[in-house]
Amino acid sequence: MSATGTWDQDTFAAAVGEAVWAPSIHNSQPWRFRRCAHGIDVLVDRSRALPVTDPDGRAARVSCGAAVCNLMLALAVAGAPAVATVGHGGAAVRLTPAGGRPATPRERRLHRQIRRRHTNRSPFAETRVDAGVVAQLAETAAREGGWLDFVEDEPGRAALAALTRQADAQLRADPGYAAELRTWTAAADLDVEGVGRQAAGAAPHPAELMPRRDFGGPERDATRDPTHEPVVAVFGVHGDHAADEVRAGMVLQQLLLLAADLGLAVAMYSQPIEVPEVREQLRLVVHRLHAPQLVLRFGYAPTTCYTNRRPVADVIDPEGRG
Ligand SMILES: Cc1cc2nc3c(=O)[nH]c(=O)nc-3n(C[C@H](O)[C@H](O)[C@H](O)COP(=O)(O)O)c2cc1C
């Protein structure tokens, strides 16, 4: 802690070093971190928004929320936990000190997964996900202020897959969408942003049940549909304003870290969220009041490739008054 009772520069920079391992749309890392008199502000970096895929910045806010979750876990494990105020002034989130206390066992467990978690676009094993594991994920979402609806009946799964396919086809028909995707995939393997070909997995096959986004992975002969197994879920929170989207990211990251801790692989699909009319139909499939934020597929698969991150110095703003 510094003389003013907030985090000193070293603790701050070390925690930011963990925050950046959060997932973000196309690995765009649309965040900035600033130490201020009251604590830490996390800001959405609008210069890194995706104008075609994410015109109103929703996915960027979800991504920032995920980074906030990591930041809070890192600070808690450093013995200097934070409370978060979402939507404070110009910041997406302001963190203020919550007094010293040791990290809880749960915080330690989740924190350990920050660098192990990754998006897995490879085929998942046919191994069933135990009902107890499914329940644990859904309960965690509820406890953290969100919802995670597993779609387990065949008609529901077929409807979800059809909506994802419809959205994917609609997005791909827009040359601007394809161009934006190329910008965030081209030559990303050695880069510090975007989705590299290794992390992309094999190119999506037209017959896939749940069409993966095409990040330029190599063509491969598929012997079976890599997206069929085993469980899919629709995720959201109880609201769909900008602050809710940041909160959604915070809950999402808790779920992803818990999934990693439980040995699960996770794939993400946001195509049905990115087409407004499809998003509305998806909401009706899960009978929710508020619009969903993401579709997730959980299963078991070997670790695939990690994406890179920009250096911490590139995401820290000069100190502000706050
Ligand atoms: C809001 C949001 C939407 C995403 N949508 C997709 C998606 O549609 N398809 C996909 O393969 N990955 C998706 N991702 C995963 C990102 O591509 C991934 O987090 C990023 O490339 C960083 O890689 P990592 O998660 O392995 O660290 C999404 C992530 C976020 C936060």
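In the predicted model, a nitrogen atom of the ligand lies 2.9 Å from a polar backbone atom of Met-268. A polar backbone atom is also involved at Ser-24, where the distance to an oxygen atom of the ligand is 3.3 Å. At Arg-309 the side chain takes part: one of its N or O atoms is 2.7 Å from an oxygen atom of the ligand. Taken alone, the ligand exposes 620 Å², of which 98% is buried by the protein.

The ligand occupies the largest cavity. Two elements, helix α2 (58-77) and strand β7 (265-269), each give two or more residues to the shell around the ligand. This shell comprises 21 residues. Arg-117, Thr-119, Arg-121, Ser-270 and Arg-309 are the closest of them to the ligand. Arg-309 is thus listed among the closest residues and also supplies the side-chain atom at 2.7 Å from a ligand oxygen.

By residue type, the shell consists of nine polar, eight nonpolar and four charged residues. With respect to domains, at least three residues of the shell come from domain 1 (9-116), and at least three from domain 2 (131-299).

Methods:
Residues are numbered from 1 along each chain as its sequence is written. This is a predicted model: local features need pLDDT of at least 70, side-chain atom pairs count only at pLDDT 80 or more; totals for chains, interfaces and linings use all residues. Side-chain values use heavy atoms; hydrogens and water are left out. A residue is near a molecule or strand if one of its heavy atoms lies within 4 Å of it. A polar contact is a pair of N or O atoms within 3.5 Å; within protein, one must be able to donate a hydrogen and the other to accept it, and residues adjacent in sequence count only if both atoms are side-chain atoms. Accessible areas come from the Shrake-Rupley method with a 1.4 Å probe; for residues, only the protein chains shown count as cover. On a 1 Å grid over the protein atoms alone, a cavity is a set of points where a 1.4 Å probe fits but cannot get out, and a pocket is an open set with protein on both sides within 12 Å along at least five of seven lines; lining residues have an atom within 4 Å of a point. A molecule sits in a cavity or pocket if more than half of its atoms lie within 2 Å of its grid points. Helices (H or I, at least four residues) and strands (E, at least two) are DSSP runs, numbered from the N terminus. Ala, Val, Leu, Ile, Met, Phe, Trp, Tyr, Cys and Pro count as nonpolar, Asp, Glu, Lys and Arg as charged, and the others, Gly among them, as polar. Domain bounds come from an automatic or database domain assignment.
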